[in-house]
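Visitor: I'd like a close look at a single part of this model, the sheet in the second chain. Please start there and then follow the links outward as far as they take you.

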Amino acid sequence: MEVSLFDLQTGQKAIISRLKEGEMFRKKLASLNIRVGKTIRKITAEPLRGPVVIEIENTEATIGMNMAKKIVVEPLEAE
Amino acid sequence: MKILLMGNPNVGKSAIFSRLTGVNVMVSNYPGTTIELKKGKMKLDDRLVEIIDVPGTYTLEPTSKAEEVAVRMLEVGDVVVNVVDATNLERNLYLTLQLLEQDIPVIVVLNFWDEIRHLGIQIDAKKLEAHLNVPVVPTVAVTAEGIKKLVSRLPEARAHANKYSEEARWSEIGKIIREVQKLTFKKHTFLEKLEDLSVKPLTGIPITLSILALVFWLVRFFGENLIAYLFDPLFELYLPAVTGLSNVLGEGSIIHDVLVGTLIEGKIDFVQSMGLLTTGLYVPFAMVLPYVFAFYLVLGVLEDSGYLPRLATLVDAVLHKLGMHGLAIIPMLLGLGCNVPGALSTRILETKRQRFIAATLMAIVVPCMAQTSMVFALLGPYGIKGLGTYFVTLFIVWLALGFLLNKVLKGETPETFMEIPPYRIPYFGSLAKKLWMRIRSFLTEAIPFVLLGVLIVNILYVLGIIDWISEAAAPVIVGIWGLPKEAVASLIVGFLRKDVAVGMLLPLGLDMGQLIVASVVLTMYFPCVATFVVLFKELGAMDLIKSTAIMIVSALLVGGILNALL
């Protein structure tokens, strides 16, 4: 069941299934290797409409809340 | 010949630059430490070649200012040393492939080679070299491992001018990664657990507060002890010499006034005498330098550990309400050391609006360490009541002003998107080097201004100009701020040096309330001239005028309110 990265539970791993915005957005995310098909782990979301922090391979990244809403992921079963 | 060092942000380009050229540059563990091109020279087979440290970029598609710079540099460079973070090979290779599409010889450096083993990564550098068809050299820049090899293989750099589409690039990268990189199981280390804990709000906020408290305590602890056990005793030894000089010159002569200053109750008072050889030396060396040293020691550890991007993440939501990114915390922190590097580092923010807000807030509210040291001396005796009121007032002004600017200025703050580097144990060598660079720039750039400030005070007094200005400024200084009109001398000197200016408040016999008002006003009303010049370069004339108007108005207002309350 697909959810946005914003709605994904903290600590959960997921596979990025699609992006809800075009070219520029895709390229921006790709600069940190955040691409469709990649597995990510949501580390946390900051309070007060703050950003989401994820881990992707050996990179950690801070992603603004609205950007996180446009990243659609498929949660993986808990290990 | 020009050799370009290029790569993603925070892969160690500057560390390699330092190793190649012997030129010391700032190296930290956060993306965007290098904000402008740095050039140096290196000897290669008896020839002198130029090495250029290009700010980090993820792609060669010029979407941001940093990337535009990088693309433009390609036209003037002869060889590219592509520095790659071996711990993030896949995404770093994207830029590598793009570089291989340019008609310029490339050599690849796999930096952080020492870190991959702990991360359970195996990379076959030989295979990678075969795939890319350019030399690949593993390095550990901070310990110089692999640097000689890099230099010896520079002539082998090769150009390819491949042509890929974006999709083809990623599929090529996928193929390379499958063949050259193996991932094995890794245990989570303590540092990795700490990485998660320091961005999760429930644990991250207490961690941040503890770090801030620790920083404050360490700076005061180091500073006070350096003063008590090192610098004050040194000046005790120096006192007889300068007293002798005073006797020879004779009190009251102009040369005595300029060199030794006024005697307080017949004796030299290093803080109040205001001579070039007394106050002019005592303030920078015995009152400010110890704290500057302590602050930069602690800041260096924070920078090199990788903590700052995590702090930026934690405060991002709050800073967005002030019209900035979380990363704007970096200019604020650097500004606490000295406003000049603080103003320069606003370049890590991508929009003009953010840079304006950050630079203005920093220049108005953030006291540099030189000023803070003197405020410690002035308000320290009143304990938390004095120092606390000073810092809390500034913090509230920072919040209020940022909130207001964000409301008033047109435009929006783009969403935050940044990389957080891993925690790293700082290397002693790099810490020491960075500390020395900062102390040296304090000694060479600040001390001439301190002496100039002291000299100008003397000249203005002698010519009677200060009396004249203090009459003219009395309505504001006495009427609004409740300070004696003599305080005007301190405000004039504050244009040059804030530390000397704060020191000049001492002989005025102010009460605690007045001392707080005066310290806050001195912090806010205007940046020192060095900062002003940098702001002019960074913001341009129009924005600087706006920024200055905001400063003056808020200093009048906040000083007035404080005067009414205290």
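**The sheet of chain B and what surrounds it**

Guide: Happily! In chain B, 6 strands make an open sheet of mixed pairing, ordered S2-S3-S1-S4-S5-S7; strands pair if DSSP finds at least two bridges between them. Strands are DSSP runs of E with at least two residues and helices runs of H or I with at least four, both numbered from the N terminus. The edges of this sheet are S2 (38-44) and S7 (136-138) of chain B, each of which pairs on one side only. From one strand to the next, the twist averages 25°; angles run from 0 to 180 degrees between N-to-C directions, and axes are lines fitted to C-alpha atoms, for helices over the stretch in contact.

This is a predicted model, where local features need pLDDT of at least 70 and side-chain atom pairs count only at pLDDT 80 or more, while totals for chains, interfaces and linings use all residues. Residues are numbered from 1 along each chain as its sequence is written, with chains lettered from A and ligands numbered from 1 in the order in which they are written.

Let's move inward from the edges. S1 of chain B (residues 2-7) and S4 of chain B (residues 79-85) are parallel partners over 5 bridges, and Leu5(B) sits opposite Val81(B) of S4(B). S4(B) is also joined to S5(B), again in parallel fashion, by 6 bridges; here Val80(B) stands opposite Val106(B) in S5(B).

S5(B) deserves a pause. Its 6 of 6 residues are buried, so this strand is largely enclosed by the rest of the structure; buried means 20 or more other C-beta atoms within 10 Å of a residue's own, exposed means 12 or fewer and partly exposed lies in between, with C-beta atoms placed from the backbone. Both faces of S5(B) are covered: on one side are the buried residues Val106(B), Val108(B) and Leu110(B), and on the other the buried Ile107(B), Val109(B) and Asn111(B).

A helix takes us from here towards the other chain. H3(B) lies across S1, S4 and S5 (106-111) of chain B and runs at about 170° to S4(B). H3 (89-100) is also among the elements that give two or more residues to the side of chain B that touches chain A, along with H7 (190-199), H11 (307-314), H12 (316-321) and strand S9 (417-420) of chain B. The contact between the chains draws 24 residues from chain B and 24 residues from chain A, residues being in contact if their C-beta atoms, placed from the backbone, lie within 7 Å. S9(B) gives the most on the chain B side, with 4 residues.

S9(B) also links the chains by strand pairing. S5 of chain A (residues 59-63) and S9(B) run antiparallel and are joined by 4 bridges, with Glu60(A) opposite Ile420(B). The result is an open, antiparallel sheet of 7 strands in the order S1(A)-S6(A)-S2(A)-S3(A)-S4(A)-S5(A)-S9(B). S1(A) (3-4) and S9(B) are its edges, each with a single partner strand, so one side of each has no neighbour in the sheet. H11(B) lies across S4 and S5 of chain A together with S9 of chain B, at about 145° to S9(B).

Further into this shared sheet, S3 of chain A (residues 39-45) is mostly covered, with 5 of its 7 residues buried. S2 of chain A (residues 13-19) joins S3(A) through 3 bridges in the antiparallel sense, and Lys13(A) has Arg41(A) as its bridge partner. S3(A) and S4 of chain A (residues 52-56) pair antiparallel over 4 bridges. Thr44(A) stands opposite Val53(A), and Lys42(A) is partnered by Ile54(A). The hairpin of S3(A) and S4(A) has 6 residues between the strands, and Leu48(A) takes a positive phi near 60° there.

One last stop, back in chain B. The axes of H10 (residues 279-305) and H16 (residues 369-379) of chain B come within 8 Å and cross at roughly 120°. Among the residues making that contact are Met287(B), Tyr291(B) and Phe295(B) of H10(B), and Met369(B), Met374(B) and Phe376(B) of H16(B). Phe293(B) is found in H10 of chain B too, and counts as partly exposed because 19 C-beta neighbours lie inside 10 Å. Leaving aside neighbours within four places in sequence, Phe293(B) is in contact with Leu226(B) and Ile439(B). Phe293(B) and Trp436(B), though 143 residues apart in sequence, are 9.0 Å apart in space, C-alpha to C-alpha.

Notes: Two residues are in contact if their C-beta atoms, placed from the backbone, lie within 7 Å.
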